[in-house]
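Here are some short exercises to work through with the model open beside you. Try each task yourself before you read its solution.

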Amino acid sequence: MNNIWIIAAADGKVKSVGDAAHDALEKIEHHEVTDGHGHHVKGPMDPDAPMFYWTLGIFIVLLAVLYKVAWKPILSGLDEREDTIRKSLDDAEEATKKLAAIQEESKKVVADAEQNAKALVTEARDTAKALAKDIEEKAKAEAQSVRDGALKDIESAKAEAMQSLRAESTDLAISLAGKLLGENLDNEKNRSLTEKLINKI
Amino acid sequence: MQTVIAAGSYEGTTKAEKLTEYIMHHVSPGEKIFGIKSGHDTIFHTNQTLAMLIVSVLLLIIFGAIYKKNQKVPTGITNFLETFVMFVRNEIVIANMGQEDGRKWAPLFCTFFFFVLGCNLLGLIPGSTTATGNINVTAALAGITFFAMTIGAIIAKGPGKWFSAFVPHGVPLPVLFLITPLELLGLVVKTIALMIRLFANMMAGHIVLFAMIGLIYVLGLVALPAAGISFAVYGLEVFVAFLQAYIFTYLSAMFLGSVLHPDH
């Protein structure tokens with residue numbers, strides 16, 4: 001109950017505050033601002049030429065001075081920094097591209113080298129194999145020729161031996177027969193006869 | 001009530017009437033700022049002129065001395081201020097006027113933004129006054145935009161090209177006689193709109209704040225919660241200070257951009 005009474009009593013006063021603000025606005029609008037002692041003073045909406053020129057002057061001087069000491073260096077600094085950042089980004093991108101190209105190339109080089117090495121090894125192996133085969137074949141041929149030579153030698157030695165044996169035996173037979181017969185059978189007729197006999201044996 | 005005051009009798013006035021006086025006094029150009037005397041007997045015209053001078057000096061100190069222009073990577077306060085400068089240049093000026101003109105005109109709009117913001121914020125400090133809550137101040141500021149849209153644009157583009165911005169393409173000749181004066185009048189209307197928007201917003205905020213505090217004055221301690229509301233309104237006013245500086249700068253850039261590049 002007490003609260004309601006306070007609110008009811010306050011209501012009029014609250015309204016009076018609203019009215020006060022409203023009155024103030026209305027007086028400002030109608031250029032009737034007073035200083036509290038009934039004297040008319042300039043309100044915020046009253047035309048005041050010196051105020052206008054003061055503002056113009058202050059603003060233009062401020063603009064000129066700030067342009068010189070602040071805006072020019074600040075804005076050009078901003079532009080410069082933006083350019084630097086843009087350039088850095090472009091450079092980085094280019095560097096990345098270059099790096100990728102280099103990596104690609106090095107990969108290629110390594111692959112080429114690997115292939116070369118493989119080819120080299122294969123070639124060497126083939127050469128070695130061929131060489132070995134060649135050597136083997138040559139050795140085989142040589143061995144064969146040596147053997148053949150040996151066989152030939154043996155053969156010729158055998159023939160020679162046979163020949164000498166035959167001549168020896170002929171001589172021996174003649175001398176034996178001569179001795180036996182007491183007669184030298186060593187004439188042309190006997191020799192051919194003996195040789196004929198030996199050949200028949 | 002008017003008659004009471006007109007009679008010069010302050011006696012017997014109610015608290016509400018006194019409040020009206022307080023509010024009017026607060027938003028009017030006065031004699032003192034932070035207790036310092038200004039006004040007619042000094043060289044400063046009013047305390048609001050002095051407030052503008054204080055803002056100018058502060059801006060010169062902040063951007064001339066504190067802002068480190070040689071930092072490659074801005075830190076601290078420079079970084080903080082640079083955010084605003086970049087915002088004004090990129091989002092307000094270049095967005096409305098294009099790269100080339102935007103960069104050329106950016107200093108004007110940076111000065112607009114920080115000067116208006118400075119005046120708005122200075123007015124929020126108790127004991128101070130809001131210069132941008134005076135119509136003569138906003139008229140001068142909007143006048144600068146008007147100069148830029150007329151003389152500035154004529155110098156930048158040449159009179160013929162400047163005038164062609166007010167002659168729309170593909171409109172029959174008789175209609176042009178109606179439209180072109182209207183378009184030219186639009187320059188004045190835009191200027192007046194700029195002037196009133198900033199002035200009204202800044203003054204209205206202070207009246208609302210005073211009405212809130214006035215509740216405590218009229219009702220007594222019962223209305224103490226109004227103090228909380230007035231703090232909230234104060235926070236809103238800080239936001240409005242930034243918002244109105246942004247809007248004034250943005251619209252100025254937009255108007256100037258529409259004169260320089262009528263096709264957009």
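**Exercise 1.** Which pattern does chain B follow when read along the sequence?

*Solution.* Before starting, note that this is a predicted model, in which local features need pLDDT of at least 70, side-chain atom pairs count only at pLDDT 80 or more, and totals for chains, interfaces and linings use all residues. Residues are numbered from 1 along each chain as its sequence is written, while chains are lettered from A and ligands numbered from 1 in the order in which they are written.

Step 1: recall that helices (H or I, at least four residues) and strands (E, at least two) are DSSP runs, numbered from the N terminus. Step 2: count them, and chain B turns out to have eight helices and two strands. Step 3: put them in sequence order, which gives α-α-β-β-α-α-α-α-α-α. As an extra, the C-alpha atoms of chain B fill a box of roughly 70 × 55 × 40 Å along the principal axes.

**Exercise 2.** Find how many residues of chain A are in contact with chain B, and how they divide by class.

*Solution.* Step 1: take two residues as in contact if their C-beta atoms, placed from the backbone, lie within 7 Å. By this rule, 48 residues of chain A are in contact with 55 residues of chain B. Step 2: look for the helices on this side of chain A; H1 (2-29) and H2 (49-181) each supply at least two residues. H2(A) gives the most, with 21 residues. Step 3: sort by class, where Ala, Val, Leu, Ile, Met, Phe, Trp, Tyr, Cys and Pro count as nonpolar, Asp, Glu, Lys and Arg as charged, and the others, Gly among them, as polar. The side of chain A that touches chain B then has 33 nonpolar, eight polar and seven charged residues.

**Exercise 3.** Describe how H2(A) and H4(B) pack.

*Solution.* Step 1: fit axes as lines to C-alpha atoms, for helices over the stretch in contact, with angles from 0 to 180 degrees between N-to-C directions. H2(A) and H4(B), residues 76-122, pack at about 125°, with axes 10 Å apart. Step 2: name the arrangement: under 35 degrees is roughly parallel, over 145 roughly antiparallel, 65 to 115 roughly perpendicular and the rest oblique. H2(A) and H4(B) are therefore oblique to each other. Step 3: find the residues that meet, among them A:Phe59 and A:Trp71 in H2(A) and B:Met86 and B:Phe115 in H4(B). The residues of this contact divide into 16 nonpolar, one polar and one charged.

**Exercise 4.** Where is the kink in H4(B) centred?

*Solution.* Step 1: compare spans. The expected span is 1.5 Å times one less than the number of residues; a straight helix of 47 residues would span 69 Å, but H4(B) spans only 22 Å between its end C-alpha atoms. Step 2: look for a bend, meaning the angle between axes fitted to the seven residues ending at a residue and the seven starting there. H4(B) has a kink of about 135°, centred on B:Gly98.

**Exercise 5.** At roughly what angle do H7(B) and H8(B) cross?

*Solution.* Step 1: the axes of H7(B), residues 173-219, and H8(B), residues 225-260, come within 9 Å and cross at roughly 175°. Step 2: H7(B) and H8(B) are therefore roughly antiparallel to each other.
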